[in-house]
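User: I am new to this structure. Please take a close look at one sheet, and then show me how it sits within the whole.

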Amino acid sequence: MKALHLLLPLLLLPISGSDRALLTVNAPMSVNGTAGSAVILPCYFTFPYTSYTTFEITVIWKMGVFYTGTVLFNATNRAKGQEEFENVVHTNINDRYRLAGDPRINDASIKIREARLDDTNEYFCRVEVKRPALPAYMKENNLGTVLKITGKFNQTLTYRVGV
């Protein structure tokens, strides 16, 4: 009986390989924005161990093609101290992207600064959870989020005649 009591915590740990389904990534099918304004691309994920300080959570946003698309933004949330975390940005194309959410509360959303018409595209959110000396969990929303940017509603054109 004492041996079972000692083994019980080990039995409750996820079995390697079978716990891959613990990480899920969800993003909307489409988002609309206005040129010149900031746009949030929402992305939420579920993972039961995000509060563990030894885990690093990497958020990657790609554009164009699932899995192999152009990486626009890549940041890792890691422990800075006992209860503090920091976001280390590895990639930020044109310095236009930033985390809008907090990966420690399962929010991998990003904010695009000053959206442009050519930002209209398909975007993919990828989340990686890395554990020391163990395989990483990785998941990308393979359906993608279509971002459509339109011109400003109050935009007017001024023509000069006979200058």
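Analyst:
**The three-stranded sheet**

Three strands form an open sheet in the order β3-β9-β8, and their pairing is antiparallel. β3 covers residues 39-41 and β8 covers 97-99. Both stand at the edges with a single partner strand each, so one side of each has no neighbour in the sheet. Neighbouring strands here are turned against each other by 30° on average, with direction ignored. Keep in mind that this is a predicted model.

Now look at one pairing. β9 spans residues 110-112. It is joined to β3 by 3 bridges, and the two run antiparallel. Which residue stands opposite Ile-110 of β9? That residue is Leu-41.

**The whole protein**

Step back from the sheet. The protein has 1 helix and 12 strands. From the N terminus, the helix comes before the strands: the order is α-β-β-β-β-β-β-β-β-β-β-β-β. There are 163 residues, and buried ones make up 35% of them. The exposed surface is about 10300 Å². Carbon and sulfur atoms supply 57% of that surface. Sequence distance matters for the contacts as well. Take those between residues at least 6 apart in sequence: 57% of them join residues at least 24 apart.

**Two buried residues in other strands**

Start with Thr-76. It is found in strand β6, which covers residues 70-79. Is Thr-76 buried or exposed? Its relative accessible area is 6%, so Thr-76 counts as buried, the cut-off being under 20%. The side chain of Thr-76 makes a polar contact of 3.0 Å with the side chain of Thr-58. Leaving aside residues up to four places away in sequence, Thr-76 touches Glu-56, Ile-57, Thr-58, Glu-86, Asn-87, Val-88 and His-90. Thr-58 thus appears in both roles, as a polar partner and among the residues touched.

Next comes Glu-140. It lies in strand β11, residues 137-140. Glu-140 has a relative accessible area of 7% and is therefore buried. What does its side chain meet in a polar contact of 3.3 Å? The partner is the side chain of Lys-62. Again leaving aside residues up to four places away in sequence, Glu-140 touches Lys-62, Phe-66, Tyr-67, Phe-124, Cys-125 and Arg-126.

In brief, the sheet runs β3-β9-β8, with β3 and β8 at its edges. Elsewhere, Thr-76 is buried in β6, and Glu-140 is buried in β11.

Conventions. Residues are numbered from 1 along each chain as its sequence is written. This is a predicted model: local features need pLDDT of at least 70, side-chain atom pairs count only at pLDDT 80 or more; totals for chains, interfaces and linings use all residues. Side-chain values use heavy atoms; hydrogens and water are left out. Helices (H or I, at least four residues) and strands (E, at least two) are DSSP runs, numbered from the N terminus. Buried means under 20% relative accessible area, exposed over 50%, partly exposed in between (1.4 Å probe, protein chains only). Contact means heavy atoms within 4.5 Å. Accessible areas come from the Shrake-Rupley method with a 1.4 Å probe; for residues, only the protein chains shown count as cover. Two strands pair if DSSP finds at least two bridges between them. Axes are lines fitted to C-alpha atoms, for helices over the stretch in contact, and angles run from 0 to 180 degrees between N-to-C directions. A polar contact is a pair of N or O atoms within 3.5 Å; within protein, one must be able to donate a hydrogen and the other to accept it, and residues adjacent in sequence count only if both atoms are side-chain atoms.
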